[in-house]
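Biologist: Welcome! Let us look at this structure together, one question at a time.

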Amino acid sequence: MGTTQYLETVEIPAIYKGKAVTQILDYAFLEAINLKNIVIPSSVTSIGVEAFAHCASLLSITIPDGVTSIGDSAFSYCESLMSATIGNGVTSMGRSVFTGCSSLVSVTIPAGITSIGNFTFSGCESLTSVTIPDSVKSIGKSAFSGCASLTSVMIPNGVTSIGDSVFSG
């Protein structure tokens, strides 16, 4: 934990020192335990590994359409995270992106996603429903394990691969 632990609100600029901000690097805000609000500009195209992991106070996240990839465990263990809107530009999400987000009630998965990775929503015990877009072809191992409140999932006809223990626990 560095100085990020004291941050409550972060608005990432679109331009910094005359250059476009296009990445949120790996571990950028890891364990920023007081971070409640984050504004990501449309110039960002990728969110790194564990970029916001263990941000225990983060309430919601809106990932802009300009983002195309989200790294492994990017928002894992954000226990207060209640909603996540993933922009339509996202085509790649790593594994365990929202693992352990126990307060996550709703998430919007964009049509560009072709695969839901291993453990992506594992331990999201407040998640009540998920609509999986027609673009998804595979759902990884334990993708929704431990989602005790999940009562409705629409799996499209085009899904050709479903991993082990997808809905266990």
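**Strands, rings and loops**

Biologist: Which residue in E9 stands opposite Ile63?

Modeller: Before we start, please keep in mind that this is a predicted model. Strand E7 covers residues 60–63, and E7 pairs in the parallel sense with strand E9 (residues 83–86) over four bridges. Opposite Ile63, in E9, stands Ile86.

Biologist: Which side chains of E7 point to one face and are buried?

Modeller: As a general rule, the side chains of a regular strand alternate between the two faces of the sheet. E7 shows such alternation: Ser60 and Thr62 point to one face and are not buried. The buried side chains, which point to the other face, are those of Ile61 and Ile63.

Biologist: Which strands stand at the edges of the open sheet that contains E7?

Modeller: That open sheet has three strands with parallel pairing, in the order E7-E9-E11. An edge strand has a single partner strand, so one side of it is left without a neighbour in the sheet. Here the edge strands are E7 and E11 (106–108).

Biologist: By what angle are neighbouring strands of this sheet turned against each other on average?

Modeller: The sheet is the open one with the order E7-E9-E11 and parallel pairing. With direction ignored, the average turn between neighbouring strands is 0°.

Biologist: Moving on to E11, which residue there stands opposite Thr85?

Modeller: E9 and E11 are paired in the parallel sense, over three bridges. Opposite Thr85, in E11, is Thr108.

Biologist: There is also an open sheet of four strands, so to speak a second topic; what is its order?

Modeller: The pairing in this sheet is parallel. Its edge strands, each pairing on one side only, are E4 (23–24) and E10 (92–93). Read across the sheet, the order is E4-E6-E8-E10.

Biologist: What is the bridge partner of Ile70 in E10?

Modeller: Strand E8 (residues 69–70) and E10 run parallel and are joined by two bridges. For Ile70, the bridge partner in E10 is Met93.

Biologist: How many aromatic pairs are there?

Modeller: Ring pairs link Phe29, Phe52, Phe75, Phe98, Phe121, Phe144 and Phe167 into a cluster. The count of aromatic pairs comes to six.

Biologist: What is the angle between the planes of Phe29 and Phe52?

Modeller: Phe29 lies in the loop between E4 and strand E5 (37–39), and Phe52 in the loop between strand E6 (46–47) and E7, so this pair ties together parts that are 23 residues apart in sequence. The rings are 5.2 Å apart, centre to centre. The pair is stacked, and the angle between the planes is 5°.

Biologist: How far apart, centre to centre, are the rings of Phe52 and Phe75?

Modeller: Phe52 has a relative accessible area of 0%, so it is buried, and Phe75 is buried too. The two rings form a stacked pair with 5° between the planes. Centre to centre, the distance is 5.3 Å.

Biologist: How many residues are in the largest nonpolar core?

Modeller: Among the residues with the most contacts inside this core are Phe52, Phe75 and Phe144. The elements giving it two or more residues are E7 and E9. The number of residues in the core is 48.

Biologist: Is Ser73 buried or exposed?

Modeller: Ser73 sits in the loop between E8 and E9. Leaving aside neighbours within four places in sequence, Ser73 is in contact with Glu50, Ala53, Arg95, Ser96 and Val97. Its relative accessibility is 15%, and buried means under 20%, so Ser73 counts as buried.

Biologist: What is the relative accessibility of Glu125?

Modeller: Glu125 is placed in the loop between strand E12 (115–116) and strand E13 (129–131). Beyond neighbours within four places in sequence, its contacts include Ser102 and Gly146. Glu125 counts as partly exposed because its relative accessibility is 44%.

Biologist: To finish, what is the radius of gyration of the protein chain?

Modeller: The chain has zero helices and 16 strands, and its C-alpha atoms fill a box of roughly 50 × 25 × 20 Å along the principal axes. For 169 residues, a compact globule would have a radius of gyration near 15 Å. The chain agrees with that, at 15 Å.

Notes. Residues numbered from 1 in each chain as written. Predicted model: local features only at pLDDT ≥ 70, side-chain atom pairs only at ≥ 80, totals over all residues. Heavy atoms only, no water. Buried < 20%, exposed > 50% of the residue type's maximum accessible area, 1.4 Å probe, protein only. Pairing = 2+ DSSP bridges. Axes fitted to C-alpha atoms, helices over the stretch in contact; angles between N-to-C directions. Contact = heavy atoms within 4.5 Å. Core = buried A, V, L, I, M, F, W, Y, C linked by side-chain atoms within 4.5 Å. Phe/Tyr/Trp six-rings, centres within 6.5 Å; stacked < 30°, edge-to-face > 60°. Rg over C-alpha atoms; globule rule 2.2 N^0.38 Å.
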